[in-house]
Every structure is written in structure tokens, then in C-alpha cells.
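Dear colleague,

I am passing on the structure we spoke about, so that you can look at it alongside my notes. Please read them with the coordinates open.

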Amino acid sequence: MNLLRGLLPPGAPRFYTPFRPWLPANFIAKSPGKSIAVLLLASALASTPCARALENPPSNQAAEADVLPGRNAPPAGDLQLHGDYASKAGALAAFSQAIMAEDAADSDTALEDYKKALALDPGYTELAVKVAFEMARRGDPSDGVEVLKDSIKAAPKAPLAYLYLSQLYSKFLNKPELGLKFAQQALALDPVSFASYIAEYEILGTLNQPEKAAALLDEAAKQKSTDPQYWLQLGDFYLKSLGDNPSKEAIKKADVIFGHALENAGTDSETLAHVADFYARTEQEARAIPLYLDAIKYSPANTADGDETIPDARENLARCFDAVGKTSQAIATVKQLVKEEPLRYDSYDLLCRLYDKANQNDAAIAICQQMMLLKPADFGNYIREAALMMKEKRTDDAITLLSDAREKFPTEAQVTYSLGLALSEAKRYKEAVDIFDQAVDEAQQGQTEMLDAEFYFAYGAAAEQAGQLDKAVEMLKKSIQLDPQAAAEAYNYIGFMWVDRGMNLDEGADYIKKALRMDPDNPAYLDSLGWYYFKKKDIKNAVELLKKAAKLIQPEDATVDEHLGDAYAASNETAKALEYWQRSSNIDKDNKEIAVKIAGAKEKLAKQDHPAQ
């Protein structure tokens, strides 16, 4: 039963538990199907006077008798059941026949037999709920209501019937006011029933009474339950009711609720891990770590039974270690998990990201290759490994890998896009532009979400470097159009591209100023505007802006230092020009133009120190 939604969904499991005190629990087998019905029939026969009589027959009675008459043939007079025994046996027989009908996919017969069993035992609440909701599902909720009301008359202190009656009224008959009444009665009978709180909460929401709904959760938090599951469910539901961004005050309330679960957890690993999950998702990683460690400590050593609690706890523990700056411990935790469960793909994924974050790129590449073996059809691992290779300056290897991936995944535009980025990184710009063209064609076959502002920015930058300025402007303007709120970099790129080439100077300055309005202290944009003033021969403003850019930019940038050196040289401050040119040369040692400028500045300064006699 899905109590969170307050409904018994179609196809819900049958009730294979002992429902009545007079049915011995040892007669109920765990396996489903007809064997259950056989055992139920056997238990019915075993409890009758005639069965006991057969075990110890009186001397004046024949030992042989027809103890298994046909369904339509009445038993012999001396085997007749009377009174309560007859009702019990009849209820069990009808129930058994219903189970067998369900096994035969005969739902109509099953429902009729369940009704017969219920008529003989109306206080059997679980069966009443099953029958009522099957009737509601078939479009007859009113009769389902009557079934539950009869069950309440027979067992007035059983909260389950009240709870499900509230659901029939609120969800099937659109009478939430009546539904609220029965939900409140269910809660009054069992004040620590989480399902009843949820039922009443949802109905209050339907009635547009959010204040009462919130107060109801506060009331639930005041209960004295010692069941950790009650507190875990309440805590989860409370957080869910707050939406995506709960306030600090709300998190404090949730903290108290989960604290009650922890108080009653003992050494239950699932509860410990669940509370730790709450701490982790509310950025209380330091509190989560010891709970995850305890959950792992108290869990069964063998997790091969399919219980995912401990592997998940270890992965979450690793994330918490990483969040508090203990990345090496995070890596060690996941490595141990990988050792114990070598086929658990998610653990490799986490380990790869941790190695990447720790700049252990070779280790991350090795894990990525292992992931390819586990999921050879996942093209994303090729893209990830190529990105790691580029971090290691292995650009040619990345291009080779992505070229191979493109042959394996010819319809995946993301692979083509990544190849374009790798070619740009290798300064093979004309090839990159061709690949970006192909990526557009591929993406338009069903992957258009890839063609975002970031894609067109990369495409435009490659086109600019390839000397295709018109295409560069077209692509960069597409980037701006797709995401105008994050277009500062594209505005600056167009503006600087024109200014640096002495083209469209004033229009280029307008683009740069748009970028600066969006990010006023960005040193790259300040450098662009300073370079515009340099091109316009306004050296004073150029020096002022370029000095600010050089001061702000981290780490030092060769282009910014060269620009400031050029501006100082234009204002005849040769010593300062030499200082910044040398700084630029230290960063970009292959720049031959700067080497010429440095030599010229040194010569000029030497002449100033030793003028001709």
C-alpha cells in the first residue's frame, strides 16, 4: 500500500499475513500463489471439531469418512460445522478461492470471493480496504464507502478503515470535507501514524488551508514516537513541503525531527545513513561524516543481499569528505568501495571526478578507461577522457581519441563538438571551423539543445582565429541572442576583435562597454577598452585603464602586460614600458615581437644614460 499517497494502487500485493487472531501464523507460508490457499484450507480443516475427531475417533463412530466433499456436495451429517466454526471456515474458504482466482488472472471472481470472505468477517480491516479500493477503481466508490463503514462498525478502533475512507471521499468522490473528518478520526485513534498525518495534510491542501496544514506538521513533530521510521518519514515530508530552498529556520526544525530518529536509531545502519543523508543535503557534512562511518560499521559485512544502503553511504561519505576539504580521504573511501564492488559504475564515476578535482589527471584517465569497459556504449566517457588529456597538454591524443569516438558514435553531435574544441586547443582553427559546421548539421537531427550560447561562442572564437571574421561575428551574435544575460564575454570578444584589427573602432568600443556594464571590474574587458583608447591615440585614458587591468588580473596575463608596455612607450615612459614588456616576455617566452620591443627599449635607455658626446 502506498500510504504516502493514501491510495491502494491497482495491482497492489495481496494480504498474505495472518489477519485474524484465530489463524495460526505458522500456517501462513511466505511464498505467494496457490500454496497459500492450500495452507489456508489446511488450517481451516485442522481447526475444526471434525478434524480433531478424526485424530481421536470415538469407539462408536466409523474411522472412515468423506472429509473432503465436493464444492457443491454437502458433507455428511456427522461432519457438519456449526456456529462460529462454520463462519471461520467459510471465510477462509472464500479467501482461499479468491487468491486462486487472482493467480488465474480472474479478477472478477476474486473480487466476489473476497466480498464473501468479508461478509463472514466484516472486521477484517485490511481486506475491507482492498475490496473498497478495488470497487472504487472499477468506478463504484460509493459501494466501497459502504464496505469501509461496515468494517468500522465491526472494528471501530481500527484506524486503517478511517484512513482509507478519507481517501475515497477526498480523491474519488471529491468530498474533501468528509475526507478530512475521517482522516482526523484515524489520527485520533493512532496519533503516531505518519500515514494519517499525510492524509490530513493533503486534504487540508485541497481545502486551501495551508496554515492548518503547517500546524499539523508541527503537531506531528511534538509526538513521542520511538519508531525511527516515523521521524524519518516526517522529516523527509517536512523538507519536501518547504520546496527547493528551505530557510535556515526551517532546516533547524527539520534538524530536531531527524534528531528524534537518531535518538531511536540504535545501531540500525539504514536509519543512521538516512539521517546522515539529511545532514549532507543541508550542507552539514561535518555532522554527516561520523554517522556514515557508524552506518558502515554497523551494517552486515556481506552486502551481496542487494541492500544498497552501505555502498550509497560510502559514496555519500566520500562526497562529505570532499566537501570539507578532505579529498584524499574521499578518494581512499571510493577506492575501497571499487575494490569491494568492482562492477559498480557510479563509484568509478565519482572516483574519476575526485581525481580530476585533485588534478591527478593520469589517475582520472585510467578510471575513465575502466568506465569505458563497463559501459562501452556511453560516448560521454570519451569526451571526459579527452578533456582530461587536454588538461595534461596531450591535445593530439585527445584529437585521436575523439576521432575514433566519432567513428563509433557517428550520430552523436556532442562528440563532434568536443573534437572541434580539441582542434581549437591545438590551434588547428580551419579544421575546427569545419568540424563545428558538421556539429551543427548533426545537432539539427534531434540534438538541438546542444546548440546553445556556449557552443556558438566556441564556434565564433575558432572562426576568428581562422581569419573568418564575418562568420565569427555571426556566430558570436548568435551566442548573445541565445543568452543575453550571460553575453558579456561575447560582447567583449566582438569588440576587441574589431579594435585590435583597427576595424569599426567606435562600434567595437560600444560592444566592449556593454560587456563592462555587465561586469564592471573584469580585467579582460578593461584591457579591451584601454586598447581601444590606445588605438584612438588617447594615451592618458589608455594607461589608466590598462594599469587597472594589470592590477586586477590573476594570474598575470602576457597580453595585458604587453598592452600596458605599449601605452607607456607611447607616453615616452620607456623604463615602465620595458618593465611590463619583460613581464609579458616571462609569461610568453615565444613572442618574438616583444623581444624586439625589449631590445629597442634597452637601447633607448642606454642612449639616455650615455648621450653622445
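What follows are my notes on one helix, a loop residue beside it in the discussion, and a pocket.

Please keep in mind that this is a predicted model.

Helix α11 covers residues 228–241, and because a rise of 1.5 Å a residue leads one to expect a span of 20 Å for its 14 residues, the 20 Å found between its end C-alpha atoms agrees with that expectation. At its N-terminal end the helix is capped by D227, which places a side-chain oxygen 3.0 Å from the backbone nitrogen of Q229, while just after α11 the residue G243 adopts a positive phi of about 85°. Among the buried residues of α11 are Y230, W231, L232 and F237, and the buried residues of this helix pack against α9 (194–206), α10 (210–220), α12 (248–263) and α13 (269–281).

Y230 also appears in the surroundings of S193, a residue in the loop between α8 (176–189) and α9, since leaving aside neighbours within four places in sequence, S193 is in contact with L187 and Y230. S193 counts as buried because its relative accessibility is 14%, under the 20% cut-off, and its side chain makes a polar contact of 3.1 Å with that of S196.

Turning to the largest pocket, it holds about 1,100 Å³ of space, and of the 27 residues that line it, Y429, A461, E464, Q465 and Y493 are the closest to its centre. The lining comprises 13 nonpolar, 5 polar and 9 charged residues, with at least two residues supplied by each of α21 (413–425), α23 (453–465), α25 (488–500), α27 (523–535) and α29 (558–570).

With best wishes

Notes: Residues numbered from 1 in each chain as written. Predicted model: local features only at pLDDT ≥ 70, side-chain atom pairs only at ≥ 80, totals over all residues. Heavy atoms only, no water. Helix = DSSP H or I, 4+ residues; strand = E, 2+ residues; numbered from the N terminus. Expected span 1.5 Å × (residues − 1). Buried < 20%, exposed > 50% of the residue type's maximum accessible area, 1.4 Å probe, protein only. Contact = heavy atoms within 4.5 Å. Polar contact = N/O pair within 3.5 Å; in protein donor to acceptor, adjacent residues only side chain to side chain. 1 Å grid on protein atoms, 1.4 Å probe; cavity = no way out; pocket = protein on both sides within 12 Å on 5 of 7 lines; lining within 4 Å. Points joined across faces, edges and corners; volume = space filled by probe spheres on them. Nonpolar A, V, L, I, M, F, W, Y, C, P; charged D, E, K, R; others polar.
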